[in-house]
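User: I'm new to this structure and would love a close look at one part of it, the nonpolar core. Could you walk me through that part and how it sits in the chain?

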Amino acid sequence: MPIVPDFPDAGRDAQSAKGPAGREVPEGGAARLGGPLFRDENPQEPMPTPPSAPAPQPTHAAPQPTPSSQPPQKKRAGRDLRAAIGVGVGLGAVIVVSLFFVKAVFVGVIAVAVVVGLWELTSRLQERKQIKAPLVPLAVGGAAMVVAGYLRGAEGAWVAMALTALAVLVWRMTEPPEGYLKDVTAGVFAAFYVPFLATFVSMMLSADDGPERVLTFLVLTVVSDTGAYAVGWRFGKHKLAPRISPGKTREGLLGAVGFAMAAGALCMEFLVDGGTWWQGLLLGLAVAASATLGDLGESMIKRDLGIKDMGTLLPGHGGIMDRLDSLLPTAPVVWLLLVLFVGTG
């Protein structure tokens, strides 16, 4: 049995020994006993507030602003427009100069864009998904694909595509077999998505009026994107594909269609040999559809990878692939319609 100090009324003696100020403590350790009969050594301090009790509010608190009293937020673009415009003008100057002076130089520009785009795509695949698509055969085969399309047309492009896919399969065999299937699948996809689709631009260039055809293709795609951005930013209310690209709206799509059809009528009437304005309307409609689908397709890829941009090479634009997203799927559409409307040239 524990020894208890001889205090007849421990609670009363402890309280009287402390006095009103609670400064003295009786010897023997009575003040250290726990339980509801004993208080802390400083009874003048306020008791702590229970966690469930609401925090006291100041008497003269400043009134909180209501949502209606806050100034309305202005719509802002998601990128640096000055940088984007400057880079866009610089790229446009390079394209126009190379396109109308020496065709071979423009083919080189396409090949360089393809190689950089492949590097961005394969780098993001490896960083985010641990997919190692072999870059060396893709870069060499992609550049060869662009040149073959310019020199030999569709037949040369298909042969170069098949050889590139074969090179990807063989190159990956030099590494361990783990992940082989996903790596070569991603490699063949990259070969088709970037260089093969870009080959249709070089095939357009090979016609007698090739520079005018390529310029029409570029103008329509840029005008479609610009119309979608301008109309969507100003009037967009209804989302087009919120799970893929929340910024795109149905109103923006209508703007893309209207701008592209107007530009198509002008380009086919005044740029392309043998073209008419009504063909330009159909061409503009097709470009607006393919450019929008291409943009959504790359947005789907970037969402799967968990990234906003494919790269940071172009200030205000992201990477090369972020500028090729609507151009790549539009190239075969424009090439095919021009062949149907005015022939191969």
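Analyst:
**The nonpolar core**

In this predicted model, the largest nonpolar core is made up of 55 residues. Val201, Met204, Val214, Phe217 and Leu283 are the residues with the most contacts inside this core. The element that gives the most to the core is helix H5, residues 180–205, with 14 residues. As a general background, nonpolar side chains in soluble globular proteins tend to be buried together.

Let's zoom in on Val214. Leaving aside residues up to four places away in sequence, Val214 touches Leu99, Phe106, Val201, Met204 and Leu205. Two of these partners, Val201 and Met204, also appear among the residues with the most contacts inside the core.

Helix H3 is a good next stop, covering residues 103–129. With 27 residues at 1.5 Å a residue, helix H3 should span 39 Å, and its end C-alpha atoms lie 38 Å apart, so the expected and modelled spans agree. Just after H3, Gln130 takes a positive phi of about 55°.

Now for the setting. The protein chain holds 10 helices and two strands, and along the sequence the pattern reads α-α-α-α-α-α-β-β-α-α-α-α. Of its 345 residues, 38% count as buried. Among contacts in the chain with a separation of 6 or more, 68% come from residues 24 or more positions apart. On the outside, the accessible surface of the protein chain comes to about 20600 Å², and carbon and sulfur atoms account for 65% of that surface.

Key
Residues are numbered from 1 along each chain as its sequence is written. This is a predicted model: local features need pLDDT of at least 70, side-chain atom pairs count only at pLDDT 80 or more; totals for chains, interfaces and linings use all residues. Side-chain values use heavy atoms; hydrogens and water are left out. Helices (H or I, at least four residues) and strands (E, at least two) are DSSP runs, numbered from the N terminus. Buried means under 20% relative accessible area, exposed over 50%, partly exposed in between (1.4 Å probe, protein chains only). Contact means heavy atoms within 4.5 Å. Accessible areas come from the Shrake-Rupley method with a 1.4 Å probe; for residues, only the protein chains shown count as cover. The expected span of a helix is 1.5 Å times one less than its number of residues. A nonpolar core is a set of buried Ala, Val, Leu, Ile, Met, Phe, Trp, Tyr and Cys residues joined through side-chain atoms within 4.5 Å.
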